Amino acid sequence: MTKKKKSRYNPLKFLLTFAICMGLLAGLQALCHFDVAPYSAPRTTAQPPTPPTPNPVVHPDSIKPFITPAPLSDTAIAHQDSLTTTPAEGSSTSAAYSIRRGSRLTTYNECFPDSQSVQLEAAIRNGISPAATRDEFMQMVRQYQLVDISHSPFYVVDDLTHSIPYLVPRAQALLNTIALNFIDSLLSKGMEPHLPIVSSVLRSTEDVARLQHGNQNATTNSCHCYGTTVDIAYHRFVPLHPSLIGSDSITRWNDDLKFVLAEVLYDLRQQGRCYVKYEQHQACFHLTVR
């Protein structure tokens with residue numbers, strides 16, 4: 001009979017081993033556990049509602065004009081050859097001027113000396129063929145050789161008796177530039193804005209013949225026959241003051257306005273944009289596009 005082998009299992013050793021393992025696990029859990037405080041939103045103090053921002057009040061004088069003046073040519077800047085105001089001696093107002101060109105005083109006649117012959121050459125080169133009657137001009141209008149200038153917000157066309165309000169596109173562009181630069185210059189100087197007045201435009205051969213009956217200075221071969229030439233009055237201007245819009249009010253013989261218009265024309269002439277003649281008897285600047 002064989003002897004029975006004793007079992008190696010001991011309940012006491014098993015319980016002791018289990019207790020040790022559980023203790024080690026509990027200790028390890030205690031060492032690896034970090035308490036995290038629950039998230040709470042930051043406390044904020046109630047603020048009164050912000051009132052709506054009112055629309056800013058813009059003063060009319062602070063609004064910049066949309067008009068951009070034509071830049072001076074390099075030649076004009078290099079020589080600083082421009083008109084400047086100089087009060088006359090003994091004058092208590094700013095209405096009296098001398099004209100300074102370069103380093104010497106001069107006159108309107110010297111600043112704008114372009115004669116009929118000089119302007120006529122440019123008119124023939126840039127304009128249309130003269131017409132005997134106004135009906136012939138109307139045919140050119142339908143062919144887009146001439147454009148109507150009677151409806152412009154930048155200048156006023158006078159009540160024409162011996163001419164009609166049509167120009168070649170090149171001359172119309174020049175007229176717009178003159179008017180815009182004139183208004184912009186007035187605004188930049190703090191002066192009340194005015195519109196220039198166009199007193200004479202395109203003439204037919206019949207118009208020239210009728211004009212010669214009352215004006216001995218009118219020439220048969222006039223620059224006005226080519227659609228390149230206009231006369232701009234320097235003794236009358238239309239004010240743009242709100243209380244005067246739509247009225248018949250005209251500013252007359254204002255030397256300040258005349259001088260600013262002369263500045264504009266002088267700069268454009270220096271840039272080679274036009275020829276200008278100062279007409280004393282007709283009280284206008286006679287100019288032709290180049």
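A residue counts as buried when its relative accessible area is under 20%, and that cut-off runs through the views below.

**Figure 1. Overview of the predicted model.** The structure shown is a predicted model. It holds 8 helices and 11 strands, and of its 290 residues, 34% are buried. Among contacts with a separation of 6 or more, 68% link residues that stand 24 or more positions apart. The mean pLDDT is 76, with 63% of the residues at 70 or more. Two stretches deserve some caution. Residues 33-46 have pLDDT below 50, and beyond near neighbours in sequence the model gives this stretch 0 contacts. Residues 84-98 also stay under 50, but for them the model has 22 contacts beyond four places in sequence. Where pLDDT is low, predicted coordinates should not be read in detail.

**Figure 2. Strand β11, enclosed on both faces.** How many residues of strand β11 (residues 284-289) are buried? The count is 6 of 6, so the strand is largely enclosed by the rest of the structure. Look along one side and you meet Cys284, His286 and Thr288, while Phe285, Leu287 and Val289 lie on the other; each of these residues is buried. Cys284, where the strand begins, has a relative accessible area of 2%, so it falls under the 20% cut-off.

**Figure 3. The partners of β11.** Strand β10 (residues 274-279) pairs with β11 in the antiparallel sense, over 6 bridges. In this pairing, Cys274 stands opposite Val289. The hairpin formed by β10 and β11 has 4 residues between the strands, and in it Ala283 takes a positive phi near 55°. Strand β8 (residues 229-239) is also antiparallel to β11, with 5 bridges joining the two. Two places to find in this pairing are Ile232, whose bridge partner is Phe285, and Ala233, which is partnered by Cys284.

**Figure 4. Strand β8 and its other pairings.** Is β8 mostly covered or mostly open? It is mostly covered, as 11 of its 11 residues are buried. Besides its pairing with β11, β8 runs antiparallel to β7, with 5 bridges between them. Here Ser200 has Asp231 of β8 as its bridge partner. Strand β9 (residues 251-252) is antiparallel to β8 as well, joined to it by 2 bridges. At this pairing, Arg236 stands opposite Arg252.

**Figure 5. Helix α6 and what it packs against.** Helix α6 (residues 169-188) has 20 residues and reaches 28 Å from its first C-alpha to its last, close to the 28 Å expected at 1.5 Å a residue. Its buried residues include Leu174, Leu175, Ile178, Phe182 and Ile183. The list also takes in polar names, among them Thr177, Asn181, Asp184 and Ser185. An α-helix has 3.6 residues a turn, so residues three or four places apart point the same way. Which elements do the buried residues of α6 pack against? They pack against β6 (166-167), β7 (194-200), β8, α8 (255-270), β10 and β11. Just after the helix, Gly190 takes a positive phi of about 75°.

**Figure 6. The largest nonpolar core.** This core has 45 residues, and those with the most contacts inside it are Phe112, Ile178 and Phe285. Two or more residues come from each of α3 (108-111), α5 (134-142), β6, α6, β8, α8, β10 and β11. Helix α8 gives the most, with 9 residues. To follow one member outward, start at Ile178 of α6: leaving aside its neighbours within four places in sequence, it is in contact with Ile232, Leu261, Val264, Leu265, Leu268 and Leu287. Ile232 is the residue bridged to Phe285 in Figure 3. A second, separate core of 6 residues includes Leu120, Ala123, Cys223 and Tyr226.

**Figure 7. Cysteines in the model.** How many disulfides does a search of the whole structure find? It finds 0. Cys111 has 0% relative accessibility and therefore counts as buried. Cys284 is buried too, at 2%. You have already met Cys284 as the bridge partner of Ala233, while Cys274 stands opposite Val289. Cys223 belongs to the second core, along with Leu120, Ala123 and Tyr226.

How values were computed
Residues are numbered from 1 along each chain as its sequence is written. This is a predicted model: local features need pLDDT of at least 70, side-chain atom pairs count only at pLDDT 80 or more; totals for chains, interfaces and linings use all residues. Side-chain values use heavy atoms; hydrogens and water are left out. pLDDT is the predictor's confidence in each residue, from 0 to 100. Contact means heavy atoms within 4.5 Å. Buried means under 20% relative accessible area, exposed over 50%, partly exposed in between (1.4 Å probe, protein chains only). Two strands pair if DSSP finds at least two bridges between them. The expected span of a helix is 1.5 Å times one less than its number of residues. A disulfide is a pair of cysteine sulfur atoms within 2.5 Å. A nonpolar core is a set of buried Ala, Val, Leu, Ile, Met, Phe, Trp, Tyr and Cys residues joined through side-chain atoms within 4.5 Å.
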